[in-house]
Amino acid sequence: MAVTTVREYGLFIGGEVVEPASGDVREVREPATGELLARAAIAGEADIDRAIEAARGALEGEWGKTSGTARARLLHALADAIAANRAELAELEARNVGKAISSVKAELQQAVENFRYYGSAIASIGGRANPIGGSLLFYSLKEPVGVAAQIVPWNYPLMMATWKLAPALAAGCSVVLKPDPQTPLTAIRLAELAAGVGFPSGAINVVPGDGPTTGAYLVRHPGIDKVAFTGSTKTGGEIMRLASDPVKRVTLELGGKSPNLVFADADLASALPSSAWSIFYSAGQSCEARSRLLVEKTVYDDVVSRMDELARAIRVGDPLDSDTHMGSLISSAHRERVHGYVERGAGEGATVVTGGTVPDGSGAFYPPTVVAADSSSLEIAQEEVFGPVVTVIPFEDEKDAIRLANDVRYGLMATVWTGDPARGHRLAARIKSGTVGINMPYTAFPGIPFGGYKQSGFGRELGLETLELYLETKSVILSTGSRPIDPFGLAT
Ligand code: NAD
């Protein structure tokens with residue numbers, strides 16, 4: 001089905017699409033064209049109350065009684081439903097975010113695999129047992145944490161929703177998911193698909209809403225047991241504060257300024273096209289975008305000129321054209337922020353080699369931009385630009401490369417390109433980052449833990465250990481002996 005007409009999207013609460021209590025329905029426009037795509041309901045506090053009540057009811061009702069094997073079947077059925085509806089979902093996501101449909105298709109494939117992975121991983125959930133000594137025995141039970149509030153950003157609306165939903169549902173939690181109000185559409189469709197394959201009412205609730213008001217209310221709400229957040233480091237700090245009263249479990253997937261190190265001995269035929277891809281796919285609006293390109297001095301000029309050529313070869317345009325490499329940014333307001341970084345970078349002495357100008361026209365497009373900088377301390381080398389802008393910085397040797405790789409407050413992803421395998425492993429051990437890629441640019445796979453060091457957050461997604469973040473461990477201790485237990489020795 002092609003998304004050719006403007007549609008109304010409600011909230012998804014208690015197993016059905018509902019209208020927001022406040023009547024707040026907003027226009028959603030395509031960032032690449034400015035055209036109206038949909039009208040979407042936006043949740044307020046009364047809707048959050050209702051969603052949490054539905055989620056609690058699900059835990060105490062049918063969802064709470066659903067066995068692990070039945071949950072596994074539901075997760076696999078949802079994976080099948082996403083796959084069956086991938087054309088509609090891909091078009092909706094590409095139009096809503098403005099990103100190239102080729103990227104969105106890969107994200108959808110991962111969404112499918114992610115539900116399959118956690119559907120299978122349910123089999124690994126289990127406690128353990130061991131004797132304590134004497135007649136005492138211990139065993140543990142794994143129980144869902146409860147109602148999880150999940151907050152996701154606009155850059156990968158569907159994929160981030162699936163990263164969060166799949167492990168929570170696998171663990172048996174019920175969920176109140178809050179998408180960004182700019183990109184609410186595919187998460188609502190996902191909830192509809194989940195209801196269609198049999199997820200009980202209230203297990204999944206989707207309430208798009210404004211962050212500082214509705215989002216903050218959700219995080220503070222006493223009916224929430226755990227908060228899982230993906231977004232900026234600044235908001236992550238605020239989430240920790242909000243989640244402290246009453247105390248809730250928190251995991252944070254935050255920003256990045258990921259280094260991409262190219263040594264002179266690297267295979268540049270792979271390293272450079274991959275370096276272009278790892279900053280320009282998704283128009284650089286990726287937490288793990290490799291936006292700090294660190295290059296050994298002896299090949300620096302060559303790499304800058306080849307990155308210039310590669311950036312110029314990126315096809316920017318209609319998100320729905322399968323030949324497009326890069327679509328638009330999420331909005332004109334965001335483009336202004338991105339461009340501001342480039343202008344200030346030039347003001348601080350960096351050289352804009354490619355791009356760096358705001359094009360005419362109605363869409364929020366920004367060109368692939370290559371900036372050369374001598375110093376790692378410039379704002380454009382330190383801050384998350386969250387746009388198609390790579391800063392290329394020279395390093396002297398391996399020691400200097402490690403120093404520069406760690407010279408940022410973030411630690412989400414790093415990539416090392418070298419012809420020396422031992423050096424690749426040495427750097428993997430020394431770079432403070434949740435993931436290190438050696439001679440390959442890809443970042444996220446179901447089953448491989450993904451998350452941050454330093455200001456990039458804590459907790460891991462996509463991994464087996466993610467299940468633990470949605471589970472409580474209950475220790476049960478018992479006596480198996482037949483003798484009376486009399487700790488004070490009071491029995492006569
Ligand atoms: P953001 O922090 O502004 O918003 C993220 C989400 O939080 C949105 O849903 C927003 O409505 C909500 N929010 C904002 N203020 C809130 C508050 N006070 N209380 C509750 N919720 C609130 O981030 P953004 O600009 O939308 O997203 C981009 C950021 O997300 C970047 O920093 C990027 O690196 C990060 N990100 C990280 C990962 C990861 O896995 N580490 C993945 C994708 C994006």
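These entries record what I looked up in a predicted model of a protein chain.

**Entry 1: domains**

I began with the domain assignment, which divides the protein chain into domain 1 (7-254 + 456-475) and domain 2 (259-438). I then looked up the separation of the two parts and found 31 Å between the C-alpha centres of domain 1 and domain 2. For the contacts between them, I noted 23 residues of domain 1 touching 28 residues of domain 2.

**Entry 2: a sheet of three strands**

I next turned to an open sheet formed by three strands, ordered E1-E5-E4, with mixed pairing. Strand E1 (7-9) and strand E4 (25-29) are the edge strands; each has a single partner strand, so one side of each lacks a neighbour in the sheet. I looked up the turn between neighbouring strands of this sheet, which is 30° on average when direction is ignored.

I followed the pairing of E1 with strand E5 (residues 36-41): the two run parallel and are joined by three bridges. Within this pair of strands, I found Arg7 opposite Ala38 in E5. I also asked which helix packs on the sheet. The entry I can make is helix H7 (residues 185-196), which touches E1, E4 and E5. The direction of H7 makes about 75° with that of E1.

**Entry 3: the largest pocket**

I then searched for open spaces. The largest pocket has a volume of about 1100 Å³. Its lining consists of 39 residues, and those closest to the pocket centre are Trp154, Phe229, Gly231, Ser232 and Thr235. I listed the elements that give two or more residues to this lining: helix H8 (211-220), strand E11 (226-230), helix H9 (233-242) and helix H12 (332-347). H9 provides the largest share, six residues.

By class, I recorded 17 nonpolar, 12 polar and 10 charged residues in the lining of the largest pocket. Which domains supply this lining? Domain 1 and domain 2 each contribute at least three residues to the lining of the largest pocket.

**Entry 4: the second largest pocket**

For the second largest pocket I noted a volume of about 590 Å³. Here 28 residues form the lining, and Ser103, Ala106, Trp277, Tyr281 and Tyr442 are the closest to the centre. Helix H5 (101-121), helix H6 (157-171) and helix H10 (268-280) each give at least two residues to this lining. I asked which element gives the most to the lining of the second largest pocket. H5 does, with five residues.

I counted the classes as 18 nonpolar, seven polar and three charged residues in the lining of the second largest pocket. This lining, too, takes at least three residues from each of domain 1 and domain 2.

**Entry 5: cavities**

Last, I looked up the cavities. Across the whole structure, the search finds five of 30 Å³ or more. The largest cavity has a volume of about 70 Å³. I wrote down some of the residues that line the largest cavity, among them Lys164, Phe229, Arg460, Glu461 and Tyr470. Phe229 thus appears in two of my entries, as it is also listed among the residues closest to the centre of the largest pocket.

E11 and strand E12 (249-253) each supply at least two residues of the lining of the largest cavity. E12 gives the largest share of that lining, three residues. I closed with the classes in the lining of the largest cavity: five nonpolar, three polar and four charged residues.

Conventions
Residues are numbered from 1 along each chain as its sequence is written. This is a predicted model: local features need pLDDT of at least 70, side-chain atom pairs count only at pLDDT 80 or more; totals for chains, interfaces and linings use all residues. Side-chain values use heavy atoms; hydrogens and water are left out. Two strands pair if DSSP finds at least two bridges between them. Helices (H or I, at least four residues) and strands (E, at least two) are DSSP runs, numbered from the N terminus. Axes are lines fitted to C-alpha atoms, for helices over the stretch in contact, and angles run from 0 to 180 degrees between N-to-C directions. Contact means heavy atoms within 4.5 Å. On a 1 Å grid over the protein atoms alone, a cavity is a set of points where a 1.4 Å probe fits but cannot get out, and a pocket is an open set with protein on both sides within 12 Å along at least five of seven lines; lining residues have an atom within 4 Å of a point. Grid points are joined across faces, edges and corners, and a volume is the space filled by probe spheres set on the points. Ala, Val, Leu, Ile, Met, Phe, Trp, Tyr, Cys and Pro count as nonpolar, Asp, Glu, Lys and Arg as charged, and the others, Gly among them, as polar. Domain bounds come from an automatic or database domain assignment.
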